[in-house]
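Open the model in your viewer and keep the sequence beside it. This tour says what to select at each stop.

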Amino acid sequence: MRRAPTWAYALQLPHDPLAPRIARTTLRAVLAGHGLPQLTDSAELLTSELVTNAYRHSTGPATLRLRALPGTRLRVSVWDANPHIPPPFDKGRGPLRPVPTEADSGRGLFLVSHYADAWGGYPLGGDLFGRGGKLLWCEVGVQAMGRTAAA
């Protein structure tokens, strides 16, 4: 019986406008190194949106985590210090409502919730080290690849 690959990478990102670009570059290197280039386009879009959200709505650093899942799937998680869970991640898997045309923001996480195979978010309480904030995550695999190619 062949075991699914188990690997995870974490990248600390400073509060810097270059953070989304650094995250995308790292993601491409990880997926290429593990022979998963077919996930790159979808995962790059979703990662960029999650990291951009962390940069725009938090004043401190963020952490990107990439983890292999069974079945040639990837989980992307982004932690930041702001505990507020933004829409649509605050409501779970309900019906998605498009972002109004006149809205100044909110389209990035709508894209994540639309194109990811699975997604979610939750606040993190303060721990012994005083680290709270939130974690937003998404998963990408073969299903999401078809949706982004059709977009």
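Select S1 (8-13) and strand S2 (residues 62-69). They pair in the antiparallel sense over six bridges; two strands count as paired if DSSP finds at least two bridges between them. Strands (E, at least two residues) and helices (H or I, at least four) are DSSP runs, numbered from the N terminus. Now pick Leu-13: Ala-62 in S2 stands opposite.

This is a predicted model, where local features need pLDDT of at least 70, side-chain atom pairs count only at pLDDT 80 or more, and totals for chains, interfaces and linings use all residues. Residues are numbered from 1 along each chain as its sequence is written, and side-chain values use heavy atoms, leaving out hydrogens and water.

Next, add helix H1 (residues 19-33). H1 packs on the sheet and touches S1, S2 and strand S3 (73-80); contact means heavy atoms within 4.5 Å. The direction of H1 makes about 160° with that of S1. Such angles run from 0 to 180 degrees between N-to-C directions, with axes fitted to C-alpha atoms, for helices over the stretch in contact.

Then show helix H2 (residues 40-57). H2 touches S1, S2, S3 and strand S5 (134-140). Its direction makes about 170° with that of S5.

Which strands does the whole open sheet hold, and in what order? Five, in the order S1-S2-S3-S5-S4, with antiparallel pairing. S1 and strand S4 (118-123) are the edges, each pairing on one side only.

Last stop: Leu-66. Leaving aside residues up to four places away in sequence, Leu-66 touches several residues, including Trp-7, Tyr-9, Leu-27, Val-30 and Leu-74.
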